[in-house]
Number of protein chains: 2
Amino acid sequence: MRVYLDNGATTKTDPRVVQEMMPYFTEMYGNTASLHSFGQEAKEAVEKARGFIASFINAQPDEIVFTSGGTESDNIAIQGVARALSTKGKHIITSKIEHPAVLEVCKHLEKEGYEVTYLNVDKHGLVNLEQLEKSIRKDTILVSIMFANNEIGTIQPIKDIGEICRKHGVYFHTDAVQALGKVPVDVKEMKIDLLSGSAHKIHGPKGVGLLYVRKGVKLAPIILGGGHEQGLRSGTTNTPGIVGFAKALELSKEPNNMLELRDRIINELLKIPETILNGHPTQRLPNNVNVCFKYIEGEAILLHLDQAGIAVSTGSACSSLKLQPSHVLTAIGLPPEIAHGSIRITLSKFTTEQEVDYFINNIKRIVHNLRELSPFWKNR
Amino acid sequence: MRVYLDNGATTKTDPRVVQEMMPYFTEMYGNTASLHSFGQEAKEAVEKARGFIASFINAQPDEIVFTSGGTESDNIAIQGVARALSTKGKHIITSKIEHPAVLEVCKHLEKEGYEVTYLNVDKHGLVNLEQLEKSIRKDTILVSIMFANNEIGTIQPIKDIGEICRKHGVYFHTDAVQALGKVPVDVKEMKIDLLSGSAHKIHGPKGVGLLYVRKGVKLAPIILGGGHEQGLRSGTTNTPGIVGFAKALELSKEPNNMLELRDRIINELLKIPETILNGHPTQRLPNNVNVCFKYIEGEAILLHLDQAGIAVSTGSACSSLKLQPSHVLTAIGLPPEIAHGSIRITLSKFTTEQEVDYFINNIKRIVHNLRELSPFWKNR
């Protein structure tokens, strides 16, 4: 039995999404910039997808810029605002638990003379709205706070953040890569100016993402060329990828039992002694579980689960090769030795009860066995 | 009958390429950065593809960086060298007939204080090697000259350019998007330091490209994040796209009769009076024909051909929505009124004799009819 519970890293492309993409590989394969009918039929498909995706987040079609993925979207948003507004100011506010696609860009901008405030989060991973508002200065040009955290699943009070930013006339970007297609996203109601999304986290294809750019927002492109996507992202349009992204979003509305299965996992895991749930108990992604089993290593758990055919992760896939404990778990106050004992279980709409049971049985066995071998456990 | 002769804009994805990609959508869909077996099987597929592609151009696997396409590759190469070597110098040499993905980046760098020399080309579209060598200064950090032109198909003396650059210790980047998979590319023999390639021009999928970076070349990334692709291009690896790219390159070695069909088209079109072949008579891409029919508009020809089910282009797809005459045709010395009468016919390995005959019959009829209606033709 193979059980994939690492859907926060990436997901299986839904076969219905692949089906939808197929004609755009071998039949309607024209370049959307071409004037002939091969080009125009591809363009129509892309514009139809753009319209659907726009309405999905309550945006206008011309506010959607297609990119190669969430990382590129984050880069365009942050570098783009930084360069476009550098004469207005050079101060950016973000949080300590952002994805590397946000944090690394901010660190880079610091080297270029920008100033970045990294907000603390509480033990559940929430930013403090008062601290946010106090951090806004005259030269603040952007606030970038993720919609939902990729490691611990905590969902930020996005609408409140949006209102604070709008009140102070500061652009608000949110990395919604983990949230889009899992929790309601309404860019107007939430007063979001820029939003990053990705297809492959919701059973769409890898290699395609979006950046919502509210009309009027000033942004400098970072990839230059033929002037595609209103000049904000040059490069031949990835028609099959975009069509697949729209289909994946459409299918994300199907009813599923992720929430119920998530809570079943949480309840069962918390029965194991000396186990902590990381992230917010209720304000969290419907598919995310993140727990620490004290006295043992997350990586050892991962490898033993892998031997049983089960895929989970320690931290996020993006940082799986790093030796430091997760910056997110550190930010919520976990000491390194406990952070190292954490694993992330992320479900999908395809996850079944049988798979969850198989996982629960195995993790209980593995945690028990590893602790039996752990001197820390015996001497606790 | 529908005949696609715009393969310079994009190509049909080969059904065998799609077949090769399929398992990586719905079965081996793991994130290559994940430590579990789902991740590792995806990683193995990517590394196998990387190895094949590297050997295809006589490079090492760790010299291949996967990107979202040719435009991004050009941007990383030029912006990347500019930023990495800005303390050494700020002078870049390129040509007047580059793709917008090169020219727009150069124009942007000029605004940032870099100096760019835009080399002239002769009437066939060739750069002058003496002029190139004379243009190299102490502060020159990069020469970027395309392998083969996307509009007129002219192939540059890449090896000679590479030798001049290596002699003077200047990095040589070449946009090989149109050349890769159509003419032999050997980065070692040709002394290329950086090379851009794209999958969708050779029956691979859209949304995936490569940048060859010779070991030791200094390059600053422009998309930051999780540190994928040796830190040069962050973002979740597009496994199906990369696997498809390798398959497309493999299949590009199949014998085909593009050259014969190209020459048949050229011969037949030149029988039409007052018709000029643009580009080099022999040093040109095996699939490229670019002609001017004097006294009529290229766009009118395109639309009439489209009505007959035939797709060609005026200039390149990337500039199809611009009103100015092509910068390439202008650079080879064509006056605007003649440049406006040009069309580009680009074949693929799937192009058949029947399709070529159908095209030739139709273009002869259309040119004749349009000229009958043209006052310029009557008063010539």
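## Two residues with positive phi

Lys191(B) sits in the loop that joins β6 (171–175) to β7 (194–198) in chain B. This is a predicted model, and in it Lys191(B) takes a positive phi of about 55° although it is not a glycine. How exposed is Lys191(B)? With 27% relative accessibility, it counts as partly exposed, because that class runs between 20% and 50%.

Chain A offers another case. Gln230(A) has a phi near 55°, again a positive value in a residue other than glycine. Its place is the loop between β8 and α8 of chain A. Gln230(A) has a relative accessible area of 56%, so it is exposed.

## Helix α8 of chain A

Follow that loop onward and you get to α8(A), which covers residues 239–251. Does its length come out longer, shorter or as expected, or, put plainly, what do its end C-alpha atoms say? At 1.5 Å a residue, the 13 residues of α8(A) should span 18 Å, and the end C-alpha atoms are indeed 18 Å apart, so the two agree. At the start of the helix, a side-chain oxygen of Asn238(A) comes to within 3.1 Å of the backbone nitrogen of Gly241(A).

α8(A) is mostly covered, with twelve of its 13 residues buried. Among them are Thr239(A), Pro240(A) and Gly241(A) at one end and Leu249(A) and Leu251(A) at the other, and Lys247(A) is also on the list. What does the covering? The elements over these buried residues include the helices α1 (15–21), α2 (23–26) and α3, along with the strands β2 (64–67), β7 (194–198) and β8 (209–213), all of chain A.

## How α3 meets α8

One of those covering elements, α3(A), deserves its own look. The axes of α3 (residues 37–56) and α8 in chain A come within 9 Å and cross at roughly 30°. The crossing is left-handed. On the α3(A) side, the contact is made by Ala42(A), Ala45(A), Val46(A), Ala49(A), Phe52(A), Ile53(A) and Phe56(A). Facing them from α8(A) are Thr239(A), Ile242(A), Val243(A), Phe245(A), Ala246(A), Leu249(A) and Glu250(A). By class, that makes twelve nonpolar residues, one polar and one charged. As for the spacing along each helix, an α-helix has 3.6 residues a turn, so residues three or four places apart point the same way.

Now for chain B. There the axes of α3 (residues 37–56) and α8 (residues 239–251) come within 9 Å and cross at roughly 30°, and the crossing is left-handed. From α3(B), the residues Ala42(B), Ala45(B), Val46(B), Ala49(B), Phe52(B), Ile53(B) and Phe56(B) take part. Their partners in α8(B) are Thr239(B), Ile242(B), Val243(B), Phe245(B), Ala246(B), Leu249(B) and Glu250(B). The tally for this contact is twelve nonpolar, one polar and one charged.

## Residues that touch the other chain

Asn238(B) lies in the loop between β8 (209–213) and α8 of chain B. Buried or exposed? At 11% relative accessibility, Asn238(B) counts as buried, because the cut-off is under 20%. A polar atom of its side chain lies 3.1 Å from the backbone nitrogen of Gly241(B). Setting aside residues up to four places away in sequence, Asn238(B) touches Lys206(A) and Gly207(A), and also Gly207(B) and Val208(B).

Pro100(A) is in helix α5 (residues 100–111) of chain A. With a relative accessible area of 7%, Pro100(A) is buried. Beyond residues up to four places away in sequence, Pro100(A) touches Val105(A), Gly225(B) and Gly226(B). Pro100(A) and Ile272(A) are 172 residues apart in sequence, and their C-alpha atoms are 32 Å apart.

## Two more spots in chain B

Ser73(B) belongs to helix α4 (residues 70–84) of chain B. Its relative accessible area is 0%, so Ser73(B) is buried. Which residues does Ser73(B) contact, leaving aside neighbours within four places in sequence? They are Thr67(B), Ser196(B), Gly197(B), Gly209(B), Leu210(B) and Leu211(B).

Glu274(B) is in the loop between α9 (258–270) and β9 (275–277) of chain B. At 31% relative accessibility, Glu274(B) counts as partly exposed. Phe293(B) is 19 residues away along the chain, with its C-alpha atom 6.3 Å from that of Glu274(B). Not counting neighbours within four places in sequence, the contacts of Glu274(B) include Cys292(B), Phe293(B), Lys294(B) and Tyr295(B), as well as Arg371(B), Trp377(B) and Arg380(B).

Technical notes. Residues numbered from 1 in each chain as written. Chains lettered and ligands numbered in written order. Predicted model: local features only at pLDDT ≥ 70, side-chain atom pairs only at ≥ 80, totals over all residues. Heavy atoms only, no water. Axes fitted to C-alpha atoms, helices over the stretch in contact; angles between N-to-C directions. Helix = DSSP H or I, 4+ residues; strand = E, 2+ residues; numbered from the N terminus. Left-handed = near helix turned anticlockwise from the far one by under 90°. Contact = heavy atoms within 4.5 Å. Nonpolar A, V, L, I, M, F, W, Y, C, P; charged D, E, K, R; others polar. Expected span 1.5 Å × (residues − 1). Buried < 20%, exposed > 50% of the residue type's maximum accessible area, 1.4 Å probe, protein only. Polar contact = N/O pair within 3.5 Å; in protein donor to acceptor, adjacent residues only side chain to side chain.
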